[in-house]
Amino acid sequence: MVIIVFYLVVVALLCMLGIVFINKHFHQHNRRQLSPATKRKMEPYLFLFPTIVLLVLLFGYPLVNCSTMAFQNYKLTSPGNIKFNGFDNFKKLFSESDFSLIVKNSLIYVFLSVSGQFLLGLTLALALQKRFPFRGLYQAIIFLPWSFSAFVIGLMHRWSFNGEYGVVNDILLRFHLISEKIAWLGTPGFSLAVVIIAMIWMGIPFFAIMILASLQSIPKEVYEASYIDGCGVLRRFFEITFPYIKPTVIVTILLRTIWIFNSFDLIVVITNGGPANYSQTLPSYMYTKAFSSYDFGLASALGVILMVSLILYVTIFLKVTQYNKAGDF
């Protein structure tokens, strides 16, 4: 903790010194050489300098370090044997028997989680757009899951879906929907489903908040004109509502996909990847390799694969959805 605080203080001092130096140098040059137009062009870079320094120190260095360790035999169990090994970490990853299962789990986890959050969040936003008694109180209750930490949500679902004393089995037994208790967290297929349910429950408010804000920005005159023209509910949604909220939907889906694809905390807390890696995803597998096997070289190689995959996904997603044309009427 002391090291982190010291590091942040050093970063802050460097930013302050950089600002003072650039500001002084900037004004000295401006008095003699720079025109007002050039001065206005340089001012944004001056204000961006502290952010650039922070990004380089807090994100740039770890990124370079991770990329370097991906090509090293970097195990904390043998600190004296750290050396470059080329593409051995990548070859080892692709040769593991459970790697294809983990990739499939990751794709299913991300697709179902994002789809569930989007559909339920859109439904919730459309419902909250209508005026009804105690709407403010209802909104506060609905948005509570977004304020909880992933650790708390993970514990809630781990206890609720416990095979022996979980409330889910108790409710299903009382309504005679099952004849015997189900080991949700110890059964392949069910364990991943529990994590998906937890992720959907946690992320619905984010979609609801973003889409609701976008819905409230639609001019009322457009809807009034559609009522006069006799436009139906479905046509009004696809011809008016969705085109207006499309930019928000694209950005929200993009952000949530990246966040969910990178998340591992719910999986670690609820199932820890079990049973037999049937609920393991790529980020949780990376966490396991780093902090259980202490193989930081292998974990870093997996991190590089995740980074490249997300860059490709963002590029293709923005191209397919035509984000630059979204919202044009």
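**Exercise 1. Classify a lysine and find its partner**

Work out which class Lys92 falls into at 38% relative accessibility: buried, partly exposed or exposed.

*Solution.* Start with the cut-offs: buried means under 20% relative accessible area, exposed means over 50%, and partly exposed is in between, using a 1.4 Å probe and protein chains only. At 38%, Lys92 therefore counts as partly exposed. Before going on, note that this is a predicted model, where local features need pLDDT of at least 70 and side-chain atom pairs count only at pLDDT 80 or more, while totals for chains, interfaces and linings use all residues. Residues are numbered from 1 along each chain as its sequence is written, and side-chain values use heavy atoms, with hydrogens and water left out.

Next, the partner. Lys92 makes a salt bridge (a side-chain nitrogen of Lys or Arg within 4 Å of a carboxyl oxygen of Asp or Glu) with Asp295, and their closest N and O atoms are 4.0 Å apart. Lys92 belongs to helix H3 (residues 88–95), while Asp295 sits in the loop between helix H13 (282–291) and helix H14 (296–321), so the pair ties together parts 203 residues apart in sequence. For helices, read DSSP runs of H or I with at least four residues; strands are E runs of at least two, and both are numbered from the N terminus. Finally, Asp295 has 6% relative accessibility and so counts as buried.

**Exercise 2. Complete the salt-bridge list**

How many salt bridges does the count come to, and where do Lys289 and Glu96 lie?

*Solution.* The count comes to three. Lys289 pairs with Glu96, with 3.7 Å between the closest N and O atoms. This pair links distant parts of the chain, 193 residues apart: Lys289 is in helix H13, and Glu96 is in the loop between H3 and helix H4 (99–129). Lys289 and Glu96 are both buried.

Then there's Arg174 with Asp170, whose closest N and O atoms are 2.9 Å apart. They are four residues apart in helix H8 (residues 167–174), which means about one helical turn separates them. On the accessibility scale, Arg174 is exposed at 61%, whereas Asp170 is partly exposed at 35%.

**Exercise 3. Map the nonpolar patch**

Which elements give two or more residues to the nonpolar patch on the surface?

*Solution.* First, the ground rules. Patch residues have over 30% relative accessible area and no salt bridge; like charges are joined within 9 Å, and nonpolar side chains (Val, Leu, Ile, Met, Phe, Trp, Tyr) within 5 Å. Areas come from the Shrake-Rupley method with a 1.4 Å probe, and for residues only the protein chains shown count as cover.

Next, the members: Phe134, Leu137, Ile141, Leu144, Phe148, Phe151, Val152, Met156 and Trp201, with about 880 Å² of accessible area together. Helix H5 (135–142) and helix H7 (150–160) are the elements that answer the question. H7 supplies the largest share, three residues. For a closer look, pick Leu137 in helix H5; at 54% relative accessible area, Leu137 is exposed.

**Exercise 4. Go into the core**

Which helix gives the most to the largest nonpolar core?

*Solution.* A nonpolar core is a set of buried Ala, Val, Leu, Ile, Met, Phe, Trp, Tyr and Cys residues joined through side-chain atoms within 4.5 Å. The largest one here has 61 residues, and Leu93, Tyr109, Ile211 and Leu266 have the most contacts inside it. Helix H9 (residues 190–215) gives the most to this core, with 14 residues.

Now zoom in on Ile211. Setting aside neighbours within four places in sequence, Ile211 is in contact (heavy atoms within 4.5 Å) with Phe118, Leu122, Ala125, Ile245 and Thr248.

**Exercise 5. Sort the rings**

How many aromatic pairs are there, and how are the planes of Phe87 and Phe90 arranged: stacked, tilted or edge-to-face?

*Solution.* Rings of Phe, Tyr and Trp (its six-membered ring) pair if their centres lie within 6.5 Å; planes under 30 degrees apart are stacked, over 60 edge-to-face, and the rest tilted. The count comes to 17 aromatic pairs. Phe87 and Phe90 have ring centres 6.1 Å apart and planes at 50°, so this pair is tilted. Phe87 is exposed at 54%, but Phe90 is buried at 12%. Phe237 and Phe242 have centres 6.3 Å apart and planes at 45°, so they are tilted too. To finish, ring pairs link Phe118, Trp146, Phe206, Phe207 and Trp259 into a cluster.
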